Amino acid sequence: MKRRHFIKNASLTGVGLTVGSSLIACAQENSKNEKTSVVANPKASLPLVIATWNVPNATSKAWETLKKGGSALDAVEKGCMVEEADVNNTSVGKGGLPDRDGRVTLDACIMDKHGNCGSVVYLENIVHAVSVARKVMEDTPHVMLAGKGAEQYAYELGMPKDNLLTESSKKAWEAWKVKSEYKPIINIENHDTIGMLAIDENGDISGACTTSGLAYKMAGRVGDSPIIGSGLFVDNEIGACVATGLGEEVVKTVGSFLVVELMRQGKSPQEACEEAINRIVSKPNSNYKDFQVGYIAVNKQGETGSYSIHNGFSMTKFQNGENTNQTSNHFIKTE
Ligand code: SD4
């Protein structure tokens, strides 16, 4: 865990909030007196890009895309593609760990500032699942394509067939088969499923998420990552959220939609992420000690937040020309 990067997001946001709410009170008072107006919530410096885990190359690519005049949508697609192509990231794209039968199957989705969305589930033999999801959104009358249909569509788009199972992922799977014990891995070396949110200079937001899902999952299993509202949600009026971790638990609480709705009700991104994690851990009989879930979120003003159940989750943030990895605050304080 990269402690040197630790930034207490929660307390920083808390300070911002206190200042923010006193400014709001002041603005209300002023508007009653019809004297001056006060900017209640000064905008964060835009554009900005945030992503789950420690993925500096991906956020750099997204930042570069924005700087070259690309949209937030282009930025999140290009950023996610970096991790999809990285064979050392064993949770995304090529090099992803397979299901228990040795098949690498990808889930991905994307959502734009208009609320349009596209996703692919159980996609095989195609590296850039996020790009297929974007095409589903832009060029088909549908939102989601699965399995062979999604694969066929990718070939029609001219995407090459590729073997996603690398030698090292195959070896890891063979070693796993000896015991065949299915247990969610809490943090895969601070480098996992990638969820990315970008907000451009105009304040327009887009998001994407791409994963090979849980290692050694049952054949056919689909997680939260391609499910709009669970793994990702963008509402350009309010903000956006993306999730990582044990997808089953995210789906049960429609996590990303929940975070955005909490921001709509006035919570900061940090408070909203914390509340969504609280929903999971406070369920009767929740075995939350055995799994990880993490959220990152951004609001329309460019404020960000991140929170997880366990220690070890982090958010990469590219803002003001600086690419930083910030360790998230977490629910289990004793870790
Ligand atoms: C899933 N949420 O398939 C993904 C996996 C993940 O960090 O995010 N791992 O459940």
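Tutor: Let's start with a definition: Asp, Glu, Lys and Arg count as charged, Leu is among the nonpolar residues, and Gly counts as polar. Keep in mind that this is a predicted model.

Student: What makes up the shell around the ligand, by residue class?

Tutor: The shell divides into one nonpolar, seven polar and three charged residues. Its members include Leu214, Asp192, Arg221, Asp224 and Gly213. Leu is nonpolar, while Asp and Arg are charged, and Gly goes with the polar ones.

Student: Why is the pair between Thr193 and the ligand called a polar contact?

Tutor: A polar side-chain atom of Thr193 lies 2.8 Å from a ligand oxygen atom. The cut-off is a pair of N or O atoms within 3.5 Å, so this pair counts. Arg221 has a polar side-chain atom 2.7 Å from an oxygen atom of the ligand, and Thr244 has one at 2.7 Å from a ligand oxygen too. As for cover, the ligand taken alone exposes 280 Å², and the protein buries 96% of that.

Student: How do you know that S10 is largely enclosed?

Tutor: Five of the five residues in strand S10 (residues 304-308) are buried, so the rest of the structure largely encloses it. Buried means under 20% relative accessible area. Thr304, Ser306 and Ser308 are buried on one side, and Gly305 and Tyr307 on the other.

Student: What makes S9 and S10 a pair?

Tutor: Pairing takes at least two bridges. S9 (residues 293-299) and S10 have five, in the antiparallel sense, so they pair. There, Ala297 stands opposite Gly305.

Student: And how do you know that S10 and S13 pair?

Tutor: S10 and S13 (residues 329-330) have two bridges, in the parallel sense, with Tyr307 opposite Asn329. At least two is the requirement, so they pair as well.

Definitions and conventions: Residues numbered from 1 in each chain as written. Predicted model: local features only at pLDDT ≥ 70, side-chain atom pairs only at ≥ 80, totals over all residues. Heavy atoms only, no water. Buried < 20%, exposed > 50% of the residue type's maximum accessible area, 1.4 Å probe, protein only. Helix = DSSP H or I, 4+ residues; strand = E, 2+ residues; numbered from the N terminus. Near = heavy atom within 4 Å. Polar contact = N/O pair within 3.5 Å; in protein donor to acceptor, adjacent residues only side chain to side chain. Areas by Shrake-Rupley, 256 points an atom, 1.4 Å probe, with all protein chains shown as cover.
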